[in-house]
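Reader: Please take a close look at one part of this model, the aromatic side chains and what surrounds them, and then place that part within the chain as a whole. I would like the geometry set out with care, with the reasoning where there is any.

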Amino acid sequence: MLSGPSRIGYMALAVAAATLTAAGCTASHNTAAPKPASSSSVSATQAIKLAASYAQRVTSFAADINVQTTGTEATSFSGTMAERTQPSLLLAMNVGSISAQGQTVPGGIQEIINSSDIYLKMAQLSRLSGKPWIRMPFSEISKASGINLSQLFQQAESNNPLVQTQMLASSANVRKAGTATIDGVQTTEYAGSYPISAGLARLPADLRAKLAPQMQAMGLGSSATFRLWLDNQQRVRKVIVSDQGSKEQLTSSIQVTSINQPVTVTLPPPSQTATVPANALGNG
């Protein structure tokens, strides 16, 4: 079991990975696209497919996030994030509330992710390293965890945030579940579940071959449930996905606050950064 700074680093990584997966449900505001039918004139299945179609035009978004795990490793995160997928992957997160096994991390965590590294800013790690920021190369994390994180994040960069939407579309029981106002916007709520295997089957073969082992390594279960809120243009305003694994349950919630707005983040300079080697991320 991980302890101390090692576990905190993986906690921050977990929220980023969970967010990238769930973020597949965000949809575009591209006004050049054909105007979709209103919520009242489409079935629940059609609404999910329209949301997936819109999501293909997303290149950046911002959202409020909440991720919780229960079971063997109980953790929780809440904060904000902004992600850009083009011209290259860039994700910035500000996790104001984070806890593990009942212990709260004072001051929260700032996190920046590009296509090769994770940068963390946290009071506990800063005291140990003597630098404000910690850099965790994907290659080093992969050595310690056995999970190819570089592939996971490259998929997000090269395939656009569509993975989760495609998997939701495999649901055979999606239904309208009511209405709600989110940030002043009227939305229709949809709910359903899907087998993980059926969701993966809807992905392109090359992406499925890469993603399936990653999901298995993360301990994801055989099925997932979801609740999805779409506005009257079938654009995602909020999504909650819950996966029951053999030892843990992971629930991620994303409420979209902006879409296709510029995301600009400056990486910490080397003088303010300490690099964490693989042996510092091992069990302890």
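Author: In this predicted model, Lys238 lies over the face of Trp229, with 5.2 Å given as the distance from the ring centre. That distance satisfies the requirement that the charged atom lie within 6 Å of the ring centre, which is one part of the criterion for a charge over a ring.

As for rings that pair with one another, a search of the whole structure finds one aromatic pair. The partners are Tyr194 and Phe226, whose ring centres are 6.3 Å apart and whose planes meet at 45 degrees, an arrangement described as tilted. The pair joins distant parts of the chain, since Tyr194 belongs to strand 9 and Phe226 to strand 10, with their positions 32 residues apart in sequence. The label follows from the angle, because planes under 30 degrees apart would count as stacked and planes over 60 degrees apart as edge-to-face. Both partners, Tyr194 and Phe226, are buried.

Phe226 deserves a fuller description. This residue has its place in strand 10, and its relative accessible area is 3%, so it falls under the 20% limit and counts as buried. Setting aside residues up to four places away in sequence, Phe226 touches Leu168, Ser171 and Val174, then the run Tyr190, Ala191, Gly192, Ser193 and Tyr194, and finally Ile240 and Val241. Its ring partner Tyr194 is therefore one of the residues within 4.5 Å, the limit for a contact between heavy atoms. A further relation can be given through the backbone: the C-alpha atoms of Phe226 and Ser253 are 9.7 Å apart, although 27 residues separate them in sequence.

Tyr190, one of the residues touched by Phe226, leads on to Thr179, for the C-alpha atoms of Thr179 and Tyr190 are separated by 8.9 Å while lying 11 residues apart along the chain. Thr179 is found in strand 8, and at 59% relative accessibility it counts as exposed. Beyond its neighbours within four places in sequence, Thr179 is in contact with Gln186, Thr187, Thr188 and Glu189.

Two loops in these parts of the chain hold residues with an unusual sign of phi for their type to be noted. Asp183 sits in the loop between strand 8 (175-182) and strand 9 (185-195), and it has a positive phi of about 50 degrees although it is not a glycine. Gln234 lies in the loop between strand 10 (223-230) and strand 11 (236-244), and it likewise is not a glycine but has a positive phi, of about 65 degrees. Their surroundings can be set side by side: Asp183 is exposed, with a relative accessible area of 56%, whereas Gln234 counts as buried at 0% relative accessibility.

Elsewhere in the chain, two residues can be described by way of Asn114. Glu83, in strand 2 (residues 75-84), counts as buried at 1% relative accessibility, and its C-alpha atom is separated by 9.9 Å from that of Asn114, 31 residues away along the chain. Ala92, in strand 3 (residues 90-100), has its C-alpha atom 8.9 Å from that of Asn114, at a separation of 22 residues in sequence. Apart from its neighbours within four places in sequence, Ala92 is in contact with Thr80, Met81, Ala82, Glu111, Ile112 and Val265.

Among the helices, helix 2 (residues 44-55) has 12 residues and reaches 17 Å from its first C-alpha to its last, close to the 16 Å expected at 1.5 Å a residue. Its buried residues are Ala44, Ala47, Ile48, Ala51, Ala52, Tyr54 and Ala55. Seen down the axis of helix 2, these buried residues fall within an arc of 165 degrees, so they line one face of the helix.

Over the whole protein chain, the secondary structure comes to eight helices and 13 strands. Of the 284 residues, 51% count as buried. Among contacts with a separation of 6 or more, 64% are between residues 24 or more positions apart. The accessible surface of the protein chain comes to about 12400 Å², and carbon and sulfur atoms account for 50% of that area.

Technical notes:
Residues numbered from 1 in each chain as written. Predicted model: local features only at pLDDT ≥ 70, side-chain atom pairs only at ≥ 80, totals over all residues. Heavy atoms only, no water. Helix = DSSP H or I, 4+ residues; strand = E, 2+ residues; numbered from the N terminus. Expected span 1.5 Å × (residues − 1). Buried < 20%, exposed > 50% of the residue type's maximum accessible area, 1.4 Å probe, protein only. Arc of directions from axis to C-beta. Areas by Shrake-Rupley, 256 points an atom, 1.4 Å probe, with all protein chains shown as cover. Phe/Tyr/Trp six-rings, centres within 6.5 Å; stacked < 30°, edge-to-face > 60°. Lys NZ or Arg CZ within 6 Å of the ring centre and 35° of its normal.
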